[in-house]
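Student: I would like a close look at a single part of this model, taken slowly and set in the context of the whole. Could you walk me through one helix and what surrounds that helix?

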Amino acid sequence: MYDYIKGEVTRITPEYIVLEQQGIGYQLNTPNPYAFHVNRDIVQVFTHLQVREDAHVLFGFTSLDERELFRKLIQVSGIGPKGALAIVGSGTPDALVAAIEGEDEKFLVKFPGVGKKTARQMILDLKGKLGQFLGQVDLKSAPDELPLFGVNPYQHELDEAVLALTALGYSEKELEKITKVLADDETLTTTESYMKQALKLLLKQQ
């Protein structure tokens, strides 16, 4: 029904953004809300509409490739929209494709909500069908900035990233393992960059 919406981002939360267009604020669930910024710039967000008995839910993506990968994933039995957002938000489509093509269940079960049965279903349903996403979907890179000496001046951004990861389905135990590593990484200065690095670390956990 909606291919994309152009408007201003007026609010960012750990789970969704609000995109205002002609006086209407559209709530869009996204893989990484912090890839967007609240300002008066007009942005184009590609959308997917999920129709349920109790609600119509809009999902928003920074590119067509993000959206199409999301649509491929939700077609797999056992993967809902929340799980698909977490996978898309990982920013590692090359690794995802390689895992599916190589039938690497061990890698796939690292995503929240993906067990062995779902991992096997992903391989059965998607093997040979994701080549178009190689090297195309990624979270936007954050600019490098020098942090202040001493304490982490970006603790607020780190806290926001942890909240967003929790919304994607990662457990408190999983996040505790990487929080100190993130806090000690002086190259991370924005919520978006914390999100990107955190997702990479989470996928490396055994």
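Tutor: Contact here means heavy atoms within 4.5 Å, and with that cut-off in hand we can turn to helix α8, bearing in mind throughout that the model is predicted. The protein holds eight helices and five strands, and along the sequence these follow the pattern β-β-β-β-β-α-α-α-α-α-α-α-α, with α8 covering residues 191-204. Its 14 residues reach 20 Å from the first C-alpha to the last, which is close to the 20 Å expected at 1.5 Å a residue. Buried means under 20% relative accessible area, and because 11 of the 14 residues of α8 are buried, this helix is largely enclosed by the rest of the structure. The buried residues are T191, E192, S193, Y194, M195, K196, A198, L199, L201, L202 and L203, and what covers them includes α2 (81-89), α4 (105-108), α6 (155-168) and α7 (172-184). As background for that figure, buried residues make up 43% of the 206 residues in the protein.

For another case of helix packing, consider α3 (residues 93-101) and α5 (residues 116-126), which pack at an angle of about 90° with their axes 9 Å apart, so that α3 is roughly perpendicular to α5. Their contact is made by L96, I100 and E101 of α3 together with M122, I123 and L126 of α5, a set that divides into five nonpolar residues, no polar ones and one charged. Over the protein, finally, 59% of the contacts between residues at least 6 apart in sequence join residues at least 24 apart.

Notes:
Residues numbered from 1 in each chain as written. Predicted model: local features only at pLDDT ≥ 70, side-chain atom pairs only at ≥ 80, totals over all residues. Heavy atoms only, no water. Axes fitted to C-alpha atoms, helices over the stretch in contact; angles between N-to-C directions. Helix = DSSP H or I, 4+ residues; strand = E, 2+ residues; numbered from the N terminus. Parallel < 35°, antiparallel > 145°, perpendicular 65-115°, else oblique. Nonpolar A, V, L, I, M, F, W, Y, C, P; charged D, E, K, R; others polar. Expected span 1.5 Å × (residues − 1). Buried < 20%, exposed > 50% of the residue type's maximum accessible area, 1.4 Å probe, protein only.
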